[in-house]
Amino acid sequence: MSTIPIFADESWRLPSRGRVGMLSLIVGESGIFTIFVVAYIYYIGRSTTGPTPRILEVPIFNTVCLLSSSLTIWLAERAIEHSFVRRFAALWALTMALGIEFLAGTAIEWRTLIFEDHLTVRTNLFGTTFYSLVGLHATHVIVGLIGLSLVMIFTLLGRVNRAHAERIQVLALYWHFVDAVWVVVFTVVYIVGR
Amino acid sequence: MRIMQPRRSPASIRSLMTFSLLGAAAHLGMAEGPQSIPSTFAPASTPAHEIYGLSLFVILITGSIFVSVAGLLTYVIIKYRFRESDGQHEPAQVYGSVQVELAWTVIPILIVVVLFLTTARIIFAVQDAPKPKSALDVTVIGHQFWWEFRYPKLGIVTANELHIPVSTSQRPEPTYMRLLSSDVDHSFWVPQLAGKTDLIPNHPNDLWMDPRQPGLYLGQCAQFCGVEHAKMLLRVYVDTPEQFAAWVKDQQQPGAQDEKVAAGRHVFETEACMNCHTVSGTEAKGTFGPDLTHLMSRATIAAGAATNTPENLRAWIKDPDDFKPGALMPAMQLSDEQIDQLVAYLSTLH
Amino acid sequence: MADQTLPISGPLGEAYPSRGTWLEWLHSWVVTVDHKKLGILYVVYAIFFLLVAGGEAMAIRIQLAFPHNHFVSPEVYNELFTMHGTTMVFLVGMPILFGFANYLVPLMIGARDMAFPRLNAFSFWLTAFGGLMLYFSIIGGFGLYGMGSAPDIGWFAYAPLTAKAFTPGHNTDYWALALIVSGFGTLGTAINIIATTLSMRCKGMTLMRMPLFVWLMLVVSAMTLVTITPLTAAQVMLLIDRYLGGHFFDAQAGGSPIVWIHFFWIFGHPEVYILVLPAFAIANEVIPVFSRKAVFGYPAMVAASVGIAFVSMTVWAHHMFTVGMTSVGNTFFVLSTMIVGIPTGIKIFNWLATMWGGRIHFATPMLFATGFLFQFLIAGLTGIMLSVAPWDWQLHNSYFVIAHFHYVLVGAIVFNIFAAIYYWYPKATGRMLSETLGKWHFWLFLIGFHITFDTMHFVGLLGMPRSIYTYEPDRGWNTLNLIISIGGFIQAIAVLIFAWNLIHSYFRGKEAGNDPWDAWTLEWATPSPPPAYNFATDPVVRSRRPLWDLKHPKDPDWKYER
Ligand code: HEA
Ligand code: HEA
Ligand code: CUA
Ligand SMILES: [Cu+2]
C-alpha cells in the first residue's frame with residue numbers, strides 16, 4: 001500500500017534533539033537567573049540596616065577555577081570525539097575537581113559571612129538577595145556535578161566510548177552554561193554591586 | 001451637617017443616552033434607588049472628565065473597527081455558506097495576496113498611531129498637571145480595611161469620609177493627595193472624580209482632583225487587600241467653600257468632654273479601646289484604628305459597612321464581625337451596660 | 001466521504017492492545033509514555049478541572065446574584081475566586097493546550113513519538129501532582145493547627161498580602177509550591193515540543209511546510225521557556241521570604257511590593273498569550289478545513305505569531321497603570337500594548353480571507369470557531385480600550401477587566417477548545433461526537449456566554465470593582481449582577497450537555513473512519529485511533545497539505561505554494 005507520494009528530498013538533515021532540548025533548557029534557566037539578577041541589581045544599596053556588599057571579598061581564585069573547568073571539559077569533549085578515553089577520563093576528573101573546588105570556596109566564603117560578618121538571609125535585603133543569587137548558582141553547580149559524576153562512573157566502568165560523544169557534549173553544554181552564568185553573577189555581585 | 005445628595009450633570013445624562021446599551025444599564029440601576037451610581041461615565045472633575053472624553057474617542061474608533069470587521073464576517077458567513085447546490089467540488093484555492101495583506105497591516109498601524117498620540121496627550125495632561133498654590137493637601141493612608149485621611153496643613157485627622165472643597169474656575173482649589181499604605185496594597189477609586197491610584201507600602205503615590213459639583217461621591221477600595229476588601233468603602237463629600245470652612249472648624253476642635261457620659265469615657269480609657277483609637281484631648285492616642293474624635297460627624301461607621309446609628313454602634317462594639325467579619329477590631333467581651341455607656345459616650349463625639 | 005480513496009499507511013490494527021482487566025488497563029495508562037495517551041490524559045485532566053473551577057465560578061455567581069448575599073462567607077469567597085482563577089489558568093488552560101500539542105504535534109509532523117517520551121510522561125505527572133497539591137491545601141492549608149483552607153490571595157498573589165504577617169497558615173505556600181511543581185512539568189513539556197518540532201519532522205516537512213498548528217505550538221513552547229521561569233523564580237523568592245525570613249517583598253526592610261507586581265506580570269502577560277496562541281492554532285486547522293480552502297497568507301500567519309510572541313514580552317506593565325509609574329513609563333507601555341493589536345489583526349483578517357470565497361460547512365467545530373472569531377474581535381478591542389492608560393485608571397480592577405479577559409479566556413479559548421474536541425475526538429476515539437447535542441451545546445453556551453460576559457462590561461463601567469464578595473444595594477449593580485449569574489447557569493447547562501456528549505458518544509457515537517472531515521494534515525492519514533507507532537512507514541511530504549496533494553493529484557498544492 002502506498003503512503004503519501006514520495007518526492008524524496010535528498011539532504012534531509014535535522015538538528016540533534018539532545019542539543020535542541022538542552023538549549024531550550026538553558027533558555028528556560030536563563031529566565032530564572034534573569035529574575036534573580038534583576039532583583040539583586042534593583043536592591044543594591046536599599047538595605048536599611050546591617051552589613052553592606054563592602055564585606056565581600058572578590059573570589060578571584062574560585063572564578064579562575066570555574067572558568068578553566070569550561071576549558072577542560074571542552075578538551076574532554078574533543079578527547080572522546082577522537083576515542084581518547086583515558087585522556088577523556090583525566091580531563092573529566094579535572095573538570096569535576098575544579099567544580100568541587102568552586103563549591104568549597106563558596107562554602108568557605110559563606111562560613112565567614114555567616115559567622116564573622118553575621119550576614120544571613122534574614123539580616124537585610126543584601127543578605128536575602130546575595131544568598132539567593134549565589135545560592136541559586138551554586139545549586140546549578142551541584143546539579144552539574146551530579147551529571148558529571150554519572151558520566152565519570154560510567155567511564156570508570158569502561159562503558160563510555162566515542163558513540164557517546166554527542167550526549168557528553170550535550171551535558172557539557174549545561175556545564176558551559178553554568179560557567180557563563182557565573183560570569184554574570186560575578187560581575188553583578190562582586191564588581192557592580194560592591 | 002447637611003448631607004448633599006449627588007447630582008448628575010446634564011452633560012453626563014446626555015452621554016449616557018449616547019450609549020443606548022450603557023444608558024439602559026444605568027437606567028436599570030437608577031430605578032433601584034437614589035442616584036448613587038459611581039459611574040465612570042458621569043465625570044464631575046477634570047481628570048475624570050479628560051478620561052471620559054478620551055474614552056468616547058476610543059469607543060468611536062474601536063466601534064468602527066468592530067462594525068467593519070464584524071460586518072465583513074457576517075457577510076462571509078452568509079454569502080459563503082455551503083449550500084447543497086454547491087455540489088461536491090472544492091472552491092478555488094487562494095493562497096494569499098501581498099497587496100491585500102499589506103493593506104491590512106498598514107491601516108491598523110495608522111490607527112494605532114492615532115490612538116497612541118491621543119492617549120499620550122491625556123496621560124501627560126493628567127499625570128503631570130502642575131500643582132497650583134491654592135491646592136489642598138490630603139494624605140490618604142490605606143489600612144486593612146479602612147481609610148485614614150490627614151490634612152497636614154489643617155491639623156485634621158479623620159477616617160473613611162473625605163471632605164474636600166468644590167473647585168470652580170473662579171475659585172480653583174483642587175485637592176492633591178499623597179497615597180500611602182500602612183499594611184498591604186489598596187487602591188483609591190472614586191470613579192466620578194478621578195481614575196484610581198494604588199496605595200502601596202514603601203511607594204508613595206499622588207492623585208489629584210478638582211470636583212466641580214458639590215455633593216456626595218461614592219467609591220471603594222479597588223485592589224484586593226484581604227478578607228474585607230469588599231467593605232472598604234469610600235465617601236467623598238464635596239463641600240461648598242462655606243460648608244468646607246465650617247467642617248474644618250468643627251474638626252479642629254478637640255473631642256467633646258461631656259460629664260454626663262463620664263462612665264462611657266471611663267470604659268473607653270480602661271478597656272483596650274484607647275490602645276487603638278484616638279480621641280484628641282483625652283488619654284486615647286492609639287493609631288491602629290480610626291480616629292474617633294469626631295465620630296458623630298460621619299454618616300457611616302467601619303468604612304461604610306453600616307450607617308452611623310446608636311444601634312449599629314452597639315452591634316459593632318459588641319462584635320465587629322457582626323457586619324464586617326474579618327475586620328481587625330476585636331470583640332471586647334464587654335457587658336451590655338458597658339456597651340451602653342460606650343455608645344452614649346461615642347454619641348457625644350460630634 | 002473521502003475515506004475509501006485514502007491510502008492508509010501500514011496495516012489497520014487495534015490502536016491499543018485489548019484491555020484485559022481494569023487494573024491492567026489502569027496500569028497501561030499510568031506507565032504510558034505514548035504521546036497520544038499522555039495527550040488524552042492531559043485533556044481529561046483539564047476537563048475535570050474545568051468542571052471543578054466552573055463549579056467554583058457558579059458559587060461566585062450565586063453569592064453575587066444579590067447584594068448582601070450570605071451564600072458564602074468572605075473568607076470562602078476569596079478562596080473561591082483565587083482557586084477559580086488559578087485552576088482555570090494553570091490546571092485547565094495550560095494542560096489542555098499541551099494535551100492537544102502532545103497528541104497532535106507528532107502526528108502532524110509525521111513522527112512516531114515526541115523527542116523525549118519519558119520526559120513527557122514525567123512532565124505530565126508533575127503537572128498532575130501540582131494540581132493535586134493545590135487542592136490538597138483545602139485540607140492541609142493550616143497544617144496540623146486546625147481546619148484547612150485554600151489560597152485566598154488572588155491568582156496574582158500581590159505582595160505584601162502574601163507575607164507571613166498578613167496570610168499566616170500554609171495556604172499561600174501550597175499556592176506557590178503547587179505552581180512551581182506544575183511549572184516544572186510545563187517546562188519539560190515545552191522543551192519536548194520544541195525538540196520534537198525541530199528534530200523529528202518527517203522527510204520533506206520543512207519549517208515552512210509545518211501545519212500552522214505545529215508552528216504555533218512551537219512559538220508557544222518557546223514563550224513558555226522564558227515566561228514560566230520568571231514566575232518560578234518569583235515564587236521561590238516568595239517562599240524564601242516566608243520560610244527563611246527574607247525581605248524580597250518586605251516593605252519594612254526596604255523591599256518593594258512593586259517588584260513582585262513586575263515579576264508577576266512579566267510572567268502573567270506572556271502567559272495569556274501562551275493560552276491564546278494554541279487557541280489560534282486550533283482555529284488555523286478548523287477554519288480552512290470547514291471553509292474548504294487553504295489558509296490564506298501562511299507566511300504572514302507565521303510571521304504574525306512570532307511577532308506576537310516577541311511584542312508580548314514587552315507589554316507586561318499595562319497591568320500596572322495604576323501603581324504609579326511615571327508618565328513616560330505609562331506611555332511606553334501604552335504603545336507596546338497597542339502594537340500587539342497589529343499582528344493579531346493580521347491573523348483575524350487572514351482567517352476572514354480564508355473563509356472568503358469558500359464553501360463553509362457549519363459543523364459543530366466550525367460553529368465554535370466562528371464564535372471564537374466574533375468574540376476574539378470584541379475581546380481584542382476591549383483590550384485596546386484597557387491599553388489606553390488613562391481609561392485604564394478607571395477600568396483597572398473593575399468588572400470591565402473581568403469581562404475583557406473572560407471574553408478571551410472563555411469566548412476565544414474555551415470556544416476553540418470545544419472546537420478542537422469536536423474536531424479531533426473522532427481521531428482519538430474512532431467515534432463522532434453527536435452533532436445534535438453539539439448544536440445544543442454550542443447555542444446554549446453562546447447565549448449563556450453573552451448574557452454573562454456582555455453584561456459584565458456594564459457593571460464595570462458603573463464602577464463595580466472585582467474581588468468583592470458583596471456589594472451595596474444602592475449602586476445600581478443589582479439587576480445586572482442577577483443577569484450575569486443567570487447567564488452563568490446557562491453556560492453550566494451547556495457544559496453538562498457537552499460532558500454527557502463526551503461520555504455518550506464514546507460508546508454510542510457514529511463510527512468516524514479515518515478522515516471524517518475530509519481534511520489535509522497528516523494525522524488524518526492514520527487510522528482512528530492511531531496505532532501506537534502512528535505511521536507504519538515514515539511519511540514524506542511535499543507541501544503544507546499532504547492529504548490535499550493526495551486527493552487532488554492533478555492539482556497539488558506544491559505547485560502554488562509560496
Ligand atoms: C488569552 C488571554 C488574553 C488575550 C489574548 C489578551 C489580549 C489583550 N489584552 Fe488582555 N488580559 C487578559 C487576558 C488576555 N488579554 C487577562 C487574563 C487579564 C487580567 C489579568 C488580571 O488582572 O487578573 C487581561 C488584562 C488586560 C489589561 C490590564 C487591565 C487592567 O487590569 O487594568 C490590558 C491593558 O492594556 C489588556 C490589554 C490587552 C490587549 C491590548 C490585548 C491584545 O492582544 C488584543 C489584540 C486584538 C485586537 C486588537 C483585535 C483584532 C485586531 C484588529 C481587528 C486589527 C485592528 C485593530 C486595531 C488597529 C486596534 N488586557
Ligand atoms: C480559562 C480561564 C477561565 C474560565 C474558562 C472562566 C470561566 C468563568 N468565570 Fe472566571 N476567572 C478567571 C479565569 C476563567 N474564568 C480568572 C483568571 C479570574 C481572576 C481570578 C482572580 O481575580 O484571582 C476569574 C475571575 C472570575 C470572576 C471574578 C471574581 C471576582 O473578582 O470576585 C467571576 C465572576 O463572575 C468569574 C466567573 C466565571 C464564569 C461564570 C465562568 C463560566 O464561563 C464558567 C462556565 C463553566 C462551568 C459552569 C462548568 C460547568 C460545571 C459543572 C457542570 C459542574 C457543576 C456546576 C454547577 C455547580 C452549577 N470568573
Ligand atoms: Cu483595601 Cu481593598
Ligand atoms: Cu496583559
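**Figure 1. The iron atom of ligand 1 and the copper ion (ligand 4) lie 4.4 Å apart in this predicted model.** The iron atom has a single protein donor, H404(C). That residue binds through its NE2 atom, at 2.2 Å. H404(C) belongs to helix α12 of chain C, which covers residues 399-429.

**Figure 2. Three histidines of chain C hold the copper ion (ligand 4).** H269(C) uses its ND1 atom, while H318(C) and H319(C) each use NE2. The distances run from 1.8 to 2.0 Å. Along the chain, the donors follow the spacing H-x48-H-H. Is H318(C) buried or exposed? H318(C) has a relative accessible area of 13%. Buried means under 20%, so H318(C) counts as buried. The iron atom of ligand 1 is 4.4 Å from this copper ion.

**Figure 3. Two cis peptide bonds occur in loops of chain C.** Most peptide bonds are trans. The bond from A159(C) to P160(C) is cis, with omega near 0 degrees. P160(C) sits in the loop between α4 (117-140) and α5 (171-199). The bond from S528(C) to P529(C) is cis too, with omega near -10 degrees. Where is P529(C)? P529(C) is in the loop between α14 (478-508) and α15 (546-551) of chain C.

**Figure 4. A303(B) has a positive phi in a loop of chain B.** Most residues other than glycine have a negative phi. A303(B) is not a glycine, yet its phi is about 55 degrees. The loop runs between strands β11 (300-301) and β12 (306-307). A303(B) has a relative accessible area of 1%. That value is under 20%, so A303(B) is buried.

**Figure 5. Q333(B) also has a positive phi, in a loop between two helices of chain B.** Its phi is near 55 degrees, and the residue is not a glycine. The flanking helices are α8 (310-318) and α9 (336-346). Is Q333(B) buried or exposed? The relative accessibility of Q333(B) is 73%. Exposed means over 50%, so Q333(B) counts as exposed.

**Figure 6. N62(A) is a buried residue in a helix of chain A.** The helix is α2, residues 60-81. N62(A) has a relative accessibility of 8%. Which residues does N62(A) touch, not counting those up to four places away in sequence? They are E101(A), F102(A), G105(A) and T106(A).

**Figure 7. F66(C) touches residues far along the chain.** F66(C) is in the loop between α2 (35-64) and α3 (74-108) of chain C. Leaving aside residues up to four places away in sequence, F66(C) touches Y471(C) and L482(C). The C-alpha atoms of F66(C) and E472(C) are separated by 9.6 Å. Along the chain, those two residues are 406 apart. F66(C) has a relative accessible area of 45%. Partly exposed lies between the 20% and 50% limits, so F66(C) is partly exposed.

**Figure 8. Chain B is more spread out than a compact globule.** Chain B has nine helices and twelve strands. Why is chain B called more spread out than a compact globule? Its radius of gyration is 27 Å, well over the 20 Å that the globule rule gives for 350 residues. Along the principal axes, the C-alpha atoms fill a box of roughly 95 × 50 × 40 Å. Buried residues make up 54% of the 350 residues in the chain. Now consider contacts in chain B between residues at least 6 apart in sequence. Of these, 62% join residues at least 24 apart.

**Figure 9. Chain B has an exposed surface and neighbouring chains.** Chain B exposes about 15200 Å². Carbon and sulfur atoms supply 61% of that area. The chain carries 26 positive and 33 negative charges, and their mean positions are 8 Å apart. Two pairs of chains touch, and the pair with the most contacts is B and C. What is the distance between the closest C-alpha atoms of chain A and chain B? These atoms lie 12 Å apart, and no contact joins the two chains.

Note on methods. Residues are numbered from 1 along each chain as its sequence is written. Chains are lettered from A and ligands numbered from 1 in the order in which they are written. This is a predicted model: local features need pLDDT of at least 70, side-chain atom pairs count only at pLDDT 80 or more; totals for chains, interfaces and linings use all residues. Side-chain values use heavy atoms; hydrogens and water are left out. Helices (H or I, at least four residues) and strands (E, at least two) are DSSP runs, numbered from the N terminus. The radius of gyration is taken over C-alpha atoms; the globule rule is 2.2 Å times the number of residues to the power 0.38. Buried means under 20% relative accessible area, exposed over 50%, partly exposed in between (1.4 Å probe, protein chains only). Contact means heavy atoms within 4.5 Å. Accessible areas come from the Shrake-Rupley method with a 1.4 Å probe; for residues, only the protein chains shown count as cover. Lys and Arg count as positive and Asp and Glu as negative; His and the chain ends are not counted. The place of a charge is taken as NZ of Lys, CZ of Arg, CG of Asp or CD of Glu. Donors are N, O and S atoms within 2.8 Å of the metal (3.2 Å for Na, K and Ca); water is not among the atoms, so sites may look incomplete.
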